[in-house]
There are 6 protein chains.
Amino acid sequence: MRPSGRKLSDLRTVSIETGVMKHAEGSCLIKMGETHVLCSATIEDKPPPFLKNTGQGWVTAEYGMLPRATNSRTRREAAAGKQSGRTQEIQRLIGRALRAGVDRNALGERQIVIDCDVIQADGGTRCASITGGWVALRLAVNKLMAAGTIVSDPILDHVSAISCGVYAGQPVLDLDYLEDSAAGTDGNFVMTGAGRLIEVQMSAEGAAFSQEELLHLLDLARTGNAALVAAQKAALGV
Amino acid sequence: MRPSGRKLSDLRTVSIETGVMKHAEGSCLIKMGETHVLCSATIEDKPPPFLKNTGQGWVTAEYGMLPRATNSRTRREAAAGKQSGRTQEIQRLIGRALRAGVDRNALGERQIVIDCDVIQADGGTRCASITGGWVALRLAVNKLMAAGTIVSDPILDHVSAISCGVYAGQPVLDLDYLEDSAAGTDGNFVMTGAGRLIEVQMSAEGAAFSQEELLHLLDLARTGNAALVAAQKAALGV
Amino acid sequence: MRPSGRKLSDLRTVSIETGVMKHAEGSCLIKMGETHVLCSATIEDKPPPFLKNTGQGWVTAEYGMLPRATNSRTRREAAAGKQSGRTQEIQRLIGRALRAGVDRNALGERQIVIDCDVIQADGGTRCASITGGWVALRLAVNKLMAAGTIVSDPILDHVSAISCGVYAGQPVLDLDYLEDSAAGTDGNFVMTGAGRLIEVQMSAEGAAFSQEELLHLLDLARTGNAALVAAQKAALGV
Amino acid sequence: MRPSGRKLSDLRTVSIETGVMKHAEGSCLIKMGETHVLCSATIEDKPPPFLKNTGQGWVTAEYGMLPRATNSRTRREAAAGKQSGRTQEIQRLIGRALRAGVDRNALGERQIVIDCDVIQADGGTRCASITGGWVALRLAVNKLMAAGTIVSDPILDHVSAISCGVYAGQPVLDLDYLEDSAAGTDGNFVMTGAGRLIEVQMSAEGAAFSQEELLHLLDLARTGNAALVAAQKAALGV
Amino acid sequence: MRPSGRKLSDLRTVSIETGVMKHAEGSCLIKMGETHVLCSATIEDKPPPFLKNTGQGWVTAEYGMLPRATNSRTRREAAAGKQSGRTQEIQRLIGRALRAGVDRNALGERQIVIDCDVIQADGGTRCASITGGWVALRLAVNKLMAAGTIVSDPILDHVSAISCGVYAGQPVLDLDYLEDSAAGTDGNFVMTGAGRLIEVQMSAEGAAFSQEELLHLLDLARTGNAALVAAQKAALGV
Amino acid sequence: MRPSGRKLSDLRTVSIETGVMKHAEGSCLIKMGETHVLCSATIEDKPPPFLKNTGQGWVTAEYGMLPRATNSRTRREAAAGKQSGRTQEIQRLIGRALRAGVDRNALGERQIVIDCDVIQADGGTRCASITGGWVALRLAVNKLMAAGTIVSDPILDHVSAISCGVYAGQPVLDLDYLEDSAAGTDGNFVMTGAGRLIEVQMSAEGAAFSQEELLHLLDLARTGNAALVAAQKAALGV
């Protein structure tokens with residue numbers, strides 16, 4: 001029934017390759033089927049100004065998309081002279097999600113910038129960015145700990161994200177672009193490795209939805225996120 | 001326990017005054033306690049370009065805040081030369097929420113622009129904007145129907161929104177600024193008059209949250225939105 | 001003869017309500033007939049950089065207009081990405097006018113920012129902004145003096161402003177939008193409580209004008225400004 | 001008493017050289033002492049969009065200043081990414097002043113753009129721009145008439161402008177930079193060849209001023225503008 | 001002597017992988033050692049406005065760099081709100097170079113946009129963009145010809161580019177970042193498959209250089225470009 | 001054969017008038033036939049931030065063009081809100097070229113800004129800017145040396161620039177606009193007084209070119225630059 005032939009609760013093939021950007025303190029290329037996102041982590045010695053002298057650090061994210069990551073070419077934001085509302089909304093979500101998995105006191109007065117650049121888009125780029133961004137973050141923190149710059153691990157748990165939606169009347173996991181375009185209700189679910197919730201964002205694209213539908217999608221998301229955490233662990237060799 | 005002395009499931013005093021902007025096709029001033037938002041609706045004869053010749057209309061929203069709506073002055077976005085990511089995220093949410101309550105075929109090839117300008121801010125401005133924006137939209141559509149421009153009512157149901165959150169360990173309804181700043185988990189819940197869900201946005205500000213907490217806040221939101229729908233009806237005299 | 005039925009030297013109904021914005025150090029809502037402007041004053045501890053270590057303070061102003069303050073919707077300047085030339089010209093005038101009524105040495109090294117936001121426009125918004133802006137300024141300075149932060153009153157006199165013009169061949173006071181659109185010559189006159197001149201700006205919209213016309217409008221303006229000063233006093237209860 | 005040794009009612013040496021820009025339809029270099037402004041007129045076949053199908057034309061102006069026209073270097077506006085409020089205010093004044101001397105029906109559906117670029121600044125650049133801009137406009141209109149494109153002369157009269165102010169307690173004509181920086185009250189006076197008024201802009205830089213002072217400066221301006229009109233005629237050889 | 005151990009006339013390892021972006025009409029990932037650039041070609045049905053009704057087409061290019069493509073993170077241009085002068089200069093060069101190898105009449109009234117995005121930078125990104133951009137262009141044109149949209153091949157010859165410079169007193173081919181930073185004179189040489197010149201850009205970074213040095217570098221470039229053309233052919237399987 | 005009647009190796013009439021801007025530390029008006037550029041030098045006490053505490057100085061350049069310097073009016077970059085890619089490319093070239101002729105250690109920790117503003121354009125504006133910009137730089141440095149601020153002359157040699165191209169099949173020197181528009185291959189050649197090369201930029205506008213053509217144009221450029229250096233010396237009276 002799904003355009004890809006997947007079962008309702010099937011993720012797309014997930015692959016996470018680490019160490020793909022030689023200059024970054026942490027990096028990975030995450031592929032969720034045909035959605036490919038390059039994630040890198042940059043460690044900055046100073047926190048943002050509003051955290052000066054608080055002992056706390058910060059994690060922030062920026063998101064971009066190559067012009068031809070999409071089916072028809074999207075105008076380059078640098079040429080347009082500004083980031084779209086969609087871009088800003090996504091990068092705010094990624095930053096918020098990753099910060100929820102970090103003890104900012106343990107991180108200390110520094111900032112880690114996660115760049116998520118979509119090389120190819122087929123739906124679910126913000127979720128892939130969170131899942132891959134966490135791997136880049138983990139690698140950068142590992143480097144800080146290996147160097148003794150940080151003593152106590154500031155990372156509280158895994159963070160991953162997956163989309164779910166109602167496609168052709170059925171709740172499905174991990175929508176690709178074709179499904180996403182046609183979905184009634186859909187949502188993004190950010191969770192911890194322990195299965196707790198960090199962010200739930202559900203929207204009615206057509207008709208409003210019920211609490212039962214919300215719970216059904218949440219159940220699917222739980223399965224999907226568990227598989228993503230396993231993929232993160234495999235990629236990190238832990 | 002709440003700074004305002006309200007009970008856990010108390011809304012702030014709600015007031016919706018209609019017809020406050022003489023030039024607009026629909027307008028109201030909504031007050032949720034000390035949060036005051038001016039909402040206006042503008043009818044445009046043409047839909048946005050991507051809907052030309054589709055027979056469908058569009059509802060969109062813009063959001064702004066007077067510089068001294070806030071406790072310390074916020075830089076004027078027009079002077080800064082761009083809308084912040086927060087502003088764009090909010091106005092996208094308002095537009096999406098209101099569109100979910102409209103039959104865009106019945107609206108026909110025209111656009112209604114909802115402007116929500118925060119005159120005074122004390123938490124919950126995006127929810128007040130949705131609830132008040134819907135009233136302005138309803139009034140503008142009434143005008144189109146009274147003039148016979150539209151025959152069949154494109155408005156499917158009421159749309160309202162309320163925030164809930166966990167404050168001092170307790171789930172509370174309709175957070176004001178003091179509560180919002182200190183809340184652990186909080187969320188915004190957009191619902192229809194019939195109690196169905198349009199948008200659910202929950203974020204862990206500190207620790208991740210459980211499904212039970214989500215459901216608890218959802219219950220509170222249901223009560224709050226029912227009261228807001230009643231206030232919309234009273235303001236419209238229906 | 002006037003569209004509103006007013007006599008040539010009639011002001012519109014003036015109302016000034018103070019204390020309308022809970023966060024501001026001074027605020028008022030001024031109504032000149034259907035022209036409504038929200039004015040707020042913000043006290044900043046530091047003067048602008050060019051006055052550092054001079055012992056002098058500064059008063060500046062910013063001006064904005066809600067998109068639907070006007071008959072047809074005006075594009076939001078924050079969305080357009082810049083303030084129009086008209087906006088900049090008006091806010092420069094407001095700042096200059098208010099500074100002319102202030103002893104900047106007595107004010108000391110701080111800045112007061114006056115925000116004038118037009119809620120509804122029906123002609124004369126820049127004059128209403130000056131008259132109302134002065135009330136907000138007066139209230140903020142009162143607060144500084146009550147706190148003992150400032151000892152000697154830096155406000156030298158009232159400042160108010162009114163427009164006059166030649167409409168249908170007759171000099172009239174306080175043009176509304178209909179008159180303003182059709183006026184030949186018109187001008188804005190900023191004066192002190194003592195009746196001295198702070199700013200005179202007269203433009204020929206059609207044919208050039210004579211010195212006699214200038215003097216005639218100036219006489220009208222004198223009457224109008226005297227009434228505005230009385231309204232300022234009444235609003236402040238002095 | 002004046003830094004330059006001029007008498008109170010002395011203009012600086014005025015020179016207007018025409019035909020200085022080979023590509024422009026009209027051009028001149030106007031020098032008011034050490035203030036030098038290059039003015040050019042460009043004829044565009046189409047009026048601005050808001051005049052389409054009205055039979056009327058438009059005259060507009062743009063103003064700029066070379067970075068090192070001033071004593072200390074001014075940041076290039078093209079590099080800063082926007083025109084300052086001062087620039088916009090000045091170019092709006094130039095356009096308004098020149099339009100007041102034109103019959104826009106006789107001009108027909110076309111636009112003339114006057115560019116005024118300050119090569120060297122020593123006070124009074126906006127007035128010099130108006131006086132020189134009018135010469136460029138006159139030359140461009142002459143070209144249209146010589147070609148038979150326009151039959152009836154749309155130029156109603158000369159337009160010129162001069163500043164006056166109170167310097168060291170005395171009313172003086174045509175302030176240079178040193179005087180302008182120290183002046184109490186000053187103003188710009190735009191007049192027709194017949195001595196009628198197009199624009200009067202007076203500001204109290206320090207203390208407010210009286211009607212008598214206004215009239216005194218206006219008298220001085222009348223003398224100055226008469227001399228400028230003579231210089232325009234001489235430059236045009238009429 | 002070279003940091004990489006390469007001989008003076010050694011290229012870095014070149015690899016060109018085609019078909020890497022599923023949505024693009026042509027794409028490749030070119031690697032020159034540690035410099036990696038993703039190149040895509042987008043076919044647009046319409047030429048730019050200035051070519052309307054001329055029968056001619058256009059090839060243009062845009063260039064970007066992921067923030068962490070570089071050793072220390074570079075600010076994202078979309079966030080900065082504009083493309084740097086360097087970026088604009090590079091993308092103008094790429095477009096000019098590729099157009100020089102195309103018969104724009106044979107291409108017909110359409111535009112091909114080449115996007116070159118640097119995934120990892122180690123010197124020579126503009127040259128790699130030209131060499132890889134040509135492969136993407138070739139693939140897109142192949143698609144147009146296969147579809148019969150274009151009958152006569154508009155591509156005149158291969159286009160490739162290589163940098164050369166004087167490093168440690170010796171002329172070297174294909175500078176990497178370490179060499180580029182320390183090079184005295186360096187240049188970029190764009191050539192055709194037949195060995196003719198399209199663009200020569202040489203700059204003295206330190207002391208001025210002689211005609212002999214220019215010719216020496218040109219000889220090196222000829223060798224390098226011949227090898228790049230071979231790599232293009234291998235990648236295309238021709 | 002040339003539109004101007006010049007011989008193949010003729011420069012246009014060159015004139016360099018110094019001291020034309022009273023505020024600048026150095027200035028000249030350079031005319032290459034109908035191409036006129038105003039060049040000024042501004043001495044700033046501080047170097048750019050990246051040179052702080054290095055003992056080195058910097059020379060930078062900005063380039064602009066009056067809107068009606070060109071045959072049809074060019075949009076004012078300050079009004080457009082950004083400098084074009086062409087402008088940025090040119091000003092980067094001017095800065096790079098002038099720096100190549102300066103010993104930045106001898107200059108010391110200060111910056112000299114060269115502004116080149118095209119008053120009238122007829123081809124070759126970037127070359128005229130370099131040649132005239134060097135004269136302005138020389139004059140500013142003379143002032144620093146006369147004041148004893150700098151002891152050892154930081155200027156290593158003259159810097160001048162000239163364009164050459166293939167017009168109607170013949171290599172010609174110093175292209176004017178008509179020739180430039182029709183030229184096949186053309187280039188800009190920046191050289192020192194001693195005849196060494198600082199920058200060579202050659203582009204195939206149509207067909208690719210050969211090494212012989214490059215050398216032929218380089219020979220022409222050598223003659224042209226020698227004449228320009230003579231003109232610089234004459235203007236400076238040395």
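Residues 159–223 of chain A are 29% helix and 45% strand. The C-alpha atoms at the two ends of that stretch are 14 Å apart. This is a predicted model. An earlier stretch of chain A, residues 11–140, is 30% helix and 31% strand. Its end C-alpha atoms are 27 Å apart. Both stretches appear in an unreviewed UniProt entry, which lists them under "domain: Exoribonuclease phosphorolytic".

Now look at how chains meet. Chain E puts 36 residues in contact with 36 residues of chain A. The size of an interface is often given as the accessible area lost when the parts come together. Here chain E and chain A bury about 2800 Å² between them. Carbon and sulfur atoms account for 51% of that area. Three residues, E:His23, E:Arg68 and E:Arg76, supply 26% of what chain E buries against chain A, more than any other three residues.

What holds charge and polarity across this interface? The rule finds twelve salt bridges between chain E and chain A. There are also 22 residue pairs in polar contact, with both residues at pLDDT 80 or more. Several elements of chain E each supply at least two residues to the side that touches chain A: strand E3 (35–44), strand E4 (58–65), helix H1 (77–80) and strand E5 (111–120). E5(E) gives the most, with six residues. By type, that side of chain E divides into 15 nonpolar, nine polar and twelve charged residues.

Zoom in on E:Arg76. This residue sits in the loop between E4 and H1 of chain E. Is E:Arg76 buried or exposed? Its relative accessibility is 8%, so E:Arg76 counts as buried. Side chains of opposite charge can pair when their charged atoms come close. E:Arg76 forms a salt bridge with A:Glu62, and the closest N and O atoms are 2.9 Å apart. Its side chain also makes a polar contact of 2.7 Å with the side chain of A:Asp115. Another polar contact, of 2.9 Å, joins the side chains of E:Arg76 and A:Asp117. Leave aside neighbours within four places in sequence, and the contacts of E:Arg76 include A:Tyr63, A:Gly64, A:Gln83, A:Cys116 and E:Pro67.

Some pairs of chains stay apart. Chain A and chain D do not touch, and their nearest C-alpha atoms are 11 Å apart. No contact joins chain C and chain E either. Their closest C-alpha atoms also lie 11 Å apart.

Next, go inside single chains. Helix H4 (residues 125–146) of chain C holds C:Ser129. With 0% relative accessibility, C:Ser129 counts as buried. Not counting residues up to four places away in sequence, C:Ser129 touches C:Val37, C:Cys39, C:Tyr63, C:Ile94 and C:Cys116.

In chain B, helix H4 (residues 125–146) holds B:Leu137. B:Leu137 is buried too, with a relative accessible area of 1%. Beyond its neighbours within four places in sequence, B:Leu137 is in contact with B:Ala41, B:Val59, B:Leu98, B:Val102, B:Ile112, B:Ile114 and B:Ile155. B:Val151 is 14 residues away along the chain, and its C-alpha atom is 16 Å from that of B:Leu137.

Salt bridges also occur within chains. Over all chains, a search of the whole structure finds 101 salt bridges. In chain A, A:Arg12 pairs with A:Asp122, with the closest N and O atoms 3.8 Å apart. A:Arg12 lies in the segment before strand E1 (14–18), and A:Asp122 in the loop between strand E5 (111–120) and helix H4 (125–146), so the pair ties together parts that are 110 residues apart in sequence. A:Arg12 is buried at 8% relative accessible area, and A:Asp122 is buried at 13%.

In chain C, the side chains of C:Glu179 and C:Arg2 meet in a salt bridge of 2.6 Å, N to O. C:Glu179 is in helix H5 (residues 177–182) and C:Arg2 is in the segment before strand E1 (14–18), so this pair ties together parts 177 residues apart in sequence. Both C:Glu179 and C:Arg2 are buried.

Chain E has a salt bridge between E:Arg6 and E:Asp174, with the closest N and O atoms 3.6 Å apart. The pair links the segment before strand E1 (14–18) to the loop between strand E7 (170–173) and helix H5 (177–182), 168 residues apart. E:Arg6 is buried at 11% relative accessible area, and E:Asp174 is buried at 2%.

How values were computed:
Residues numbered from 1 in each chain as written. Chains lettered and ligands numbered in written order. Predicted model: local features only at pLDDT ≥ 70, side-chain atom pairs only at ≥ 80, totals over all residues. Heavy atoms only, no water. Contact = heavy atoms within 4.5 Å. Buried area = accessible area lost by both parts, 1.4 Å probe. Salt bridge = Lys/Arg side-chain N within 4 Å of Asp/Glu carboxyl O. Polar contact = N/O pair within 3.5 Å; in protein donor to acceptor, adjacent residues only side chain to side chain. Helix = DSSP H or I, 4+ residues; strand = E, 2+ residues; numbered from the N terminus. Nonpolar A, V, L, I, M, F, W, Y, C, P; charged D, E, K, R; others polar. Buried < 20%, exposed > 50% of the residue type's maximum accessible area, 1.4 Å probe, protein only. UniProt positions renumbered as here; feature names shortened; annotations may be inferred.
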